[in-house]
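Hi,

Here's the structure I promised to pass on. Have a look at it first, then read my notes below.

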Amino acid sequence: MLIQDELLDVLVVGSGIGGLTSAALLQQQGFRTLVLEKNRFAGGSCSSFSRSGYTFDAGASVFYGFAEDGQSGTLNLHTKIFRKLGVKVQTVPDPVQIHYHLPEGLNLAACYDRGLFLDRLTAAFPHEREGIGKFYAELENVYDILSSLPAGSLEDIRHLLTVGSSFPMKTAALAIKTFQSMGKRARRHISDAALLHFIDIEAYSWALQDAVSTPLVNAGICLADRHHGGINYPLGGSGAIARGLVEGFERCGGEIRYGAEVSEILVENGSATGVRLADGSVIRARVVVSNATIWDTFNRLVDDERYRIPMDRFIEAPSWFQLYLGVNGALIPEGLNVHHVLVDDWSRYTDSGGTLYCSIPSLLDSSLAPPGRHTVHAFVTDRADDWAELERGSGEYLKRKDMFTRELIQRLESVMPGISGGCELTLSASPHTHKRYLNRHKGSYGPLLRPGQNILVKPQNTTPVKNLFATGDSTFPGQGVIAVTYSGISCASFIAARFGKPMEPLD
Ligand SMILES: Cc1cc2nc3c(=O)[nH]c(=O)nc-3n(C[C@H](O)[C@H](O)[C@H](O)COP(=O)(O)OP(=O)(O)OC[C@H]3O[C@@H](n4cnc5c(N)ncnc54)[C@H](O)[C@@H]3O)c2cc1C
């Protein structure tokens, strides 16, 4: 156990993937680090839980960053971090990023094989052959640039100078591309409305924004890396990523304390000095890293009006209504892909419930379900405000959950006929649940950029409070497990450099 009497180097509030990545890298770099996690488990939105013999992914199920060396693409941040920490996380290839089921019968799987994906898309829109080629080539171009630059902090002048002088053309090209929107670039090459809707859902599926609002740079990772490093699923479920980081962190001497909710980040004379826990105890450290959202950090945990984040600075993404189902394996059609996105009506796809997500990870890892059974995770966006009047556990609350549950299962019939009668376990989670488990403001997916905002406007790792740093999906580059991993790396490398123990770039 870490010494409480001595001043710690780093306190990390929260064990999401952003917090754990920062903690593990800093501890390995020689900083005595303590992670405080309110839950009894690590990983936040990237954790697993088990019920009645089924293991479910609480949130994320589609993972980038696990390709082996030599495979095309170098953005394999999970592979690099686990190698650095000396931890093995086993994965299996996940051949299709998303199988789309869209209006007017457009049914298309975004598979690993780029040529096959483009052929399928061109077959659906033959008159847009040239535009499709040009648009996806632009994404490929962004990917080429990103995958050749080492991960590091954009606030670290030394890192910027090194990258800028080693790769001057690529750095300059990337700087220009940070101003570009995915949807606007698509519109330069494509005019078919249905195809532009497809490009929108390609963005919305992970960014929760249409293509015009989505930065080209982010799209260049998600929609190109699926054909390079590919999508890989960790055996044992999403929690295996968090467990791997915890193992590496603890092996280097770090400590994670569970059931430890931080109620205040202590700031004295403009500088973070430690935290107060919900039980009233105080822990001091030279540096505090917050893995809470930007709203929770500055509008709740830091008790100083001067640091408040105006709610209109970013768009507040919605929360989720989620279903975790244990189903009879006979209901799963032969050859069914693992991840699905269903849209019935383009005029509603961005509304609450307008886009239905569904994953069946037990198709990749049979240990997640009892023999002959499968796990289904289905979810839609939903607003905490729409549940605000309903007290958790009240009759009205349960009635609404039950209604949503039946509706979503009914919608899954088109992918898994008969599922309405074949669920052996049904668990549901409202935005209240999401907020309660993860301490996230309104259970939100996090802050989103306004259309046209440069991606670099996203908060970086430093904050207005000295010695208080931020990591996770409120910070650059944004939402997604690989994105928060990047944020964790840049946060750790900035702190390490600032406090005199600079890290080597990951290799
Ligand atoms: C339904 C859903 C599906 C998703 N699907 C995917 C996907 O397929 N692929 C993908 O890449 N991404 C996906 N994501 C997004 C991805 O999971 C998140 O962006 C990412 O995991 C967020 O990581 P984070 O580090 O910001 O922290 P979080 O996951 O938010 O974790 C923060 C941690 O901090 C703890 N904490 C907060 N406040 C305190 C406090 N005061 N004291 C102590 N502890 C505290 C919380 O308990 C939590 O453990 C999905 C998210 C959701 C919700």
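Start with helix α4 (residues 129-146) and helix α7: their axes come within 8 Å of each other and cross at roughly 150 degrees. Angles over 145 degrees count as roughly antiparallel, so α4 is roughly antiparallel to α7. The crossing of the two is right-handed. If you want to find the contact on screen, look for G131, K134, F135 and E138 on the α4 side, and R185, A186 and H189 on the α7 side. Sorted by class, the residues in the contact of α4 with α7 are two nonpolar, two polar and three charged. Bear in mind throughout that this is a predicted model.

Now stay with α7, because it also packs against α8, and that pair is roughly antiparallel too. Helix α7 covers residues 182-189 and helix α8 covers residues 193-207; their axes come within 11 Å and cross at roughly 155 degrees. Here as well, α7 passes α8 in a right-handed crossing. M182, G183, A186 and R187 are what α7 brings to the contact, while α8 brings L196, I199, D200 and A203. That contact divides into five nonpolar, one polar and two charged residues. You may spot A186 in both places: it meets α8, and it is also part of the contact with α4.

Just after that, have a look at L208, in the loop between α8 and α9 (216-225). What is unusual about the phi of L208, given that it is not a glycine? The angle is positive, at about 60 degrees.

Next, the pair α1 and α14. In general, two packed helices are described by the angle between their axes and the distance between those axes. For helix α1 (residues 17-28) and helix α14 (residues 481-498), the angle is about 35 degrees and the axes are 7 Å apart. This crossing is right-handed. From α1, the contact uses I17, G18, T21, S22, L25 and L26. From α14 there's a longish list to click through, including V481, V484, I489, C491 and I495. Which classes of residue make up the contact of α1 with α14? There are 10 nonpolar and six polar residues, and no charged ones.

While you're at that end of the chain, check the loop between β20 (468-470) and α14, where P477 lies. The peptide bond that joins F476 and P477 is cis, with omega at about 5 degrees.

Now zoom out. The protein chain has 14 helices and 20 strands. The domain assignment gives domain 1 (8-48 + 60-68 + 77-88 + 235-312 + 454-498), domain 2 (106-228) and domain 3 (318-442). So where do domain 1 and domain 3 sit relative to each other? Their C-alpha centres lie 28 Å apart, and 13 residues of domain 1 are in contact with 11 residues of domain 3. On the domain 1 side, the touching residues are four nonpolar, seven polar and two charged.

As for overall size, the C-alpha atoms fill a box of roughly 65 × 60 × 40 Å along the principal axes. A compact globule of 507 residues would have a radius of gyration near 23 Å, and the protein chain agrees with that, at 22 Å.

Have fun clicking around!

Terms used:
Residues numbered from 1 in each chain as written. Predicted model: local features only at pLDDT ≥ 70, side-chain atom pairs only at ≥ 80, totals over all residues. Domains from an automatic or database assignment. Contact = placed C-beta atoms within 7 Å. Nonpolar A, V, L, I, M, F, W, Y, C, P; charged D, E, K, R; others polar. Axes fitted to C-alpha atoms, helices over the stretch in contact; angles between N-to-C directions. Helix = DSSP H or I, 4+ residues; strand = E, 2+ residues; numbered from the N terminus. Parallel < 35°, antiparallel > 145°, perpendicular 65-115°, else oblique. Left-handed = near helix turned anticlockwise from the far one by under 90°. Rg over C-alpha atoms; globule rule 2.2 N^0.38 Å.
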